[in-house]
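User: I would like to go through the terms used for this model one by one, and to hear the reasoning behind each of them.

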Amino acid sequence: GKKKLYFKMSNLEILQPLSCVAGKSEQLFRMLDNTTGRDKITKTIQYALKIAVWHTEKDPSNAKFKIFHNNVSSARRCFRMGKFGIGYVALYRYLESLLNNSQKDPYYNGLATLQKLILSTYLGYDTLNWFTGFKLLPDEPQFWSAFATQGNAPTYKARGNKLWCLASLLGLILSVWVLYRKYESYQRFVLESKHEDESIQKEARIQKVKLMKSIPKDLRGFVKNLMDFLVSSSFSGYWDTNQGVIGTMGMISAIVAGYDIWFKYEK
């Protein structure tokens, strides 16, 4: 009987790490089955490849890394192809809430909507730039307009990078705004926790705990937006650095953003 029990316990001990691996694998597959999760994983690979391209600049393997990087970049553009419309939907929702007098935070949400609108416009330019690389747009100005011709590919890229930089700057401002509000709320809860009324004290302590739990996510959002701003401002020509630095900052942004998505799919 003891041997049989030992055998069963041993099986459970053996299966426990396998169960953990299976659970994490399922979590990864669930993340990959989501467009946003897939984008963050490919973004991490894309910027890791930038580091590889920079590191192997004088090595024969450099060409292989460049081709791999370009293909991963194209994959990300496929995932984001329809996202340029999100900002315009957000603008409609915001204006609708203003007309209905249901907008509780018009200044913050107005800036957030503007940020989404600019980012969506950037994604539109990025898609056009991608299409020109495959010669999918006509060369004749009379066919469309001079705006949508093959020869304007550098213009798409330059305009798109400037819009990306502006959207990233607004995202950074929004992150600081959120952190400042949390700081103000924390100060208020500290004062209320010393109130004479015990019910107010209790509620303030509960709200303070909730606030502190939300801070790490807000800090991750700040780091992500800071990295995005530094990368986009470099692409826009406002400062110069090597591809290794760009790759590192891009990877940090992708990993920080993917962190919250990863735990979203945790059972």
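User: Is the crossing of H7 and H8 left-handed or right-handed?

Analyst: In this predicted model, the crossing of H7 and H8 is left-handed. The two elements concerned are helix H7, residues 198-235, and helix H8, residues 243-264.

User: What makes H7 roughly antiparallel to H8?

Analyst: The axes of H7 and H8 come within 9 Å and cross at roughly 150 degrees. Angles over 145 degrees count as roughly antiparallel, and H7 is therefore roughly antiparallel to H8. Among the residues that meet in this pair are Val-223, Met-227 and Leu-230 in H7, and Ile-246, Met-249 and Val-256 in H8. By class, the contact of H7 with H8 divides into eleven nonpolar, three polar and five charged residues.

User: Why is H2 called roughly antiparallel to H3?

Analyst: Helix H2 (residues 35-55) and helix H3 (residues 62-79) pack at an angle of about 160 degrees, and their axes lie 9 Å apart. Set against the cut-off of over 145 degrees, that angle makes H2 roughly antiparallel to H3. The crossing of H2 and H3 is left-handed. Residues of H2 including Ile-45, Leu-49 and Val-53 meet residues of H3, including Phe-65, Phe-68 and Val-72. The contact of H2 with H3 has nine nonpolar, six polar and six charged residues.

User: Why does Cys-165 count as buried, and why is Cys-78 called partly exposed?

Analyst: Buried means under 20% relative accessible area, exposed over 50%, and partly exposed in between. Cys-165 has 7% relative accessibility, and therefore counts as buried. Cys-78, with a relative accessible area of 43%, falls between the two cut-offs and is therefore partly exposed. For the protein chain as a whole, buried residues make up 35% of the 267 residues.

User: How many disulfides does the count come to?

Analyst: A disulfide is a covalent bond between the sulfur atoms of two cysteines. The criterion applied here is a pair of cysteine sulfur atoms within 2.5 Å, and by this rule the count comes to zero disulfides.

User: How many helices and strands are there in the protein chain, and what pattern does the protein chain follow along the sequence?

Analyst: The protein chain has eight helices and zero strands, and read along the sequence it follows the pattern α-α-α-α-α-α-α-α. As for contacts in the protein chain between residues at least 6 apart in sequence, 68% join residues at least 24 apart.

Note on methods
Residues are numbered from 1 along each chain as its sequence is written. This is a predicted model: local features need pLDDT of at least 70, side-chain atom pairs count only at pLDDT 80 or more; totals for chains, interfaces and linings use all residues. Side-chain values use heavy atoms; hydrogens and water are left out. Buried means under 20% relative accessible area, exposed over 50%, partly exposed in between (1.4 Å probe, protein chains only). Axes are lines fitted to C-alpha atoms, for helices over the stretch in contact, and angles run from 0 to 180 degrees between N-to-C directions. Helices (H or I, at least four residues) and strands (E, at least two) are DSSP runs, numbered from the N terminus. Angles under 35 degrees count as roughly parallel, over 145 as roughly antiparallel, 65 to 115 as roughly perpendicular and the rest as oblique. A crossing is left-handed if the near helix is turned anticlockwise from the far one by less than a right angle, and right-handed if clockwise. Contact means heavy atoms within 4.5 Å. Ala, Val, Leu, Ile, Met, Phe, Trp, Tyr, Cys and Pro count as nonpolar, Asp, Glu, Lys and Arg as charged, and the others, Gly among them, as polar.
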